[in-house]
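Q: Can we go through the pockets in this one, and then the ligand? Keep it short.

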Amino acid sequence: MQIDVFTLFPDWFGWFEGQRHVANARAAGHELRYASYRDHSELSGRQVDDTPFGGGAGMVLRVDVVDAAIQGFYGRDSLDVRRERRVVALTASGRVLDDALVDELAREPALTLLSGRYEGFDERVVENLATDAVSIGRYVLSGGELAAMVLVDAVLRKLPGSLGHEESAVEESFSAALEGAPEYPHYTRPAEYRGWKVPDVLLTGHHERIREWRLEQSRRRDKA
Ligand SMILES: C[S@@+](CC[C@H](N)C(=O)[O-])C[C@H]1O[C@@H](n2cnc3c(N)ncnc32)[C@H](O)[C@@H]1O
């Protein structure tokens, strides 16, 4: 899979790139690239934002700047790019990211993520340059970079090669293996700590009973 992130702060992703599963995903052949809106701005002083029509606080990320960045990065018209791959504008008010949407995005061969800043995008970005508007939750972040990292993290976990042998995305919260329910609780040594005991069933070594107990816990959490 190829994921391209458009941002005003490509450097922010240095830390993210250092994470093991991201490095694993790259080693497995998945590609992560970054594009700076500012590098493609032809406005004076590489301006990227402007005051909102109609007045109000804050600045708005310009549609011509985002368009130029997409065209400059891909070397073709943004509308062609939009026809060829999912272009996701990260917005506080978009479709809320959940496991089903992560699965859907993880099936794509290529994704483009547009991170906003300031008061957000000129709405024509969302309407004409993007295929989707996605929110990571009903709260407001200062910029789309953290949202992009959240989305990429969740998508990469679904791709073969990004998790180590000891981890698996097959039986995780909200997966089909758990009927879409939250995951069951985990415990490790010590078996008793300050009087807090690990459930007896987990110490029996009885795989079938442990499996039933875990499914039951998972279903219970779903109802809670
Ligand atoms: C300060 S926010 C803009 C908030 C906007 N004025 C509003 O009220 O919805 C700047 C940028 O952060 C990103 N952002 C903020 N919250 C987000 C969220 N919950 N999910 C995804 N992106 C978010 C978006 O890219 C947005 O353009």
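Q: How much space lies in the largest pocket?
A: About 390 Å³. Bear in mind that this is a predicted model.

Q: Which residues are closest to its centre?
A: Leu90, Thr91, Ala92, Ser93 and Gly120. They belong to a lining of 24 residues.

Q: And which elements give two or more residues to that lining?
A: Two strands and two helices: strand 5 (86–96), strand 7 (132–135), helix 7 (123–129) and helix 8 (144–158). The largest share is from strand 5, which supplies four residues.

Q: How does the lining of the largest pocket split by class?
A: Twelve residues are nonpolar, nine are polar and three are charged.

Q: OK, ligand now. Which space does the ligand take?
A: The largest pocket, the one just described.

Q: Which elements give two or more residues to the shell around the ligand?
A: Strand 5, strand 7 and helix 8. Strand 5 gives the most, with three residues.

Q: Which residues come nearest to the ligand?
A: Leu90, Gly116, Glu119, Tyr139 and Leu141, out of 19 residues around the ligand. Leu90 is also among the residues closest to the centre of the largest pocket.

Q: What does the backbone of Leu90 do there, in terms of distance to a ligand oxygen?
A: One of the backbone N or O atoms of Leu90 is 2.6 Å from an oxygen atom of the ligand. For Gly116, a backbone N or O atom is 2.8 Å from a ligand oxygen atom.

Q: Where does a nitrogen atom of the ligand find a polar backbone atom?
A: At Leu141, with 2.9 Å between the two atoms.

Q: How much of the ligand's accessible area does the protein cover?
A: 81% of the 580 Å² that the ligand has on its own.

Q: What is the class make-up of the shell?
A: Nine nonpolar, eight polar and two charged residues.

Q: Switching again. How much space lies in the second largest pocket?
A: About 210 Å³.

Q: Which residues line the second largest pocket?
A: There is a run from Asp50 through Thr51 and Pro52 to Phe53, and another from Val60 through Leu61 and Arg62 to Val63. Asp122 and Arg124 complete the lining.

Q: How many of those are charged?
A: Four, alongside five nonpolar residues and one polar residue. The lining of the largest pocket, for reference, has three charged residues.

Definitions and conventions:
Residues are numbered from 1 along each chain as its sequence is written. This is a predicted model: local features need pLDDT of at least 70, side-chain atom pairs count only at pLDDT 80 or more; totals for chains, interfaces and linings use all residues. Side-chain values use heavy atoms; hydrogens and water are left out. On a 1 Å grid over the protein atoms alone, a cavity is a set of points where a 1.4 Å probe fits but cannot get out, and a pocket is an open set with protein on both sides within 12 Å along at least five of seven lines; lining residues have an atom within 4 Å of a point. Grid points are joined across faces, edges and corners, and a volume is the space filled by probe spheres set on the points. Ala, Val, Leu, Ile, Met, Phe, Trp, Tyr, Cys and Pro count as nonpolar, Asp, Glu, Lys and Arg as charged, and the others, Gly among them, as polar. A residue is near a molecule or strand if one of its heavy atoms lies within 4 Å of it. A polar contact is a pair of N or O atoms within 3.5 Å; within protein, one must be able to donate a hydrogen and the other to accept it, and residues adjacent in sequence count only if both atoms are side-chain atoms. Accessible areas come from the Shrake-Rupley method with a 1.4 Å probe; for residues, only the protein chains shown count as cover. A molecule sits in a cavity or pocket if more than half of its atoms lie within 2 Å of its grid points.
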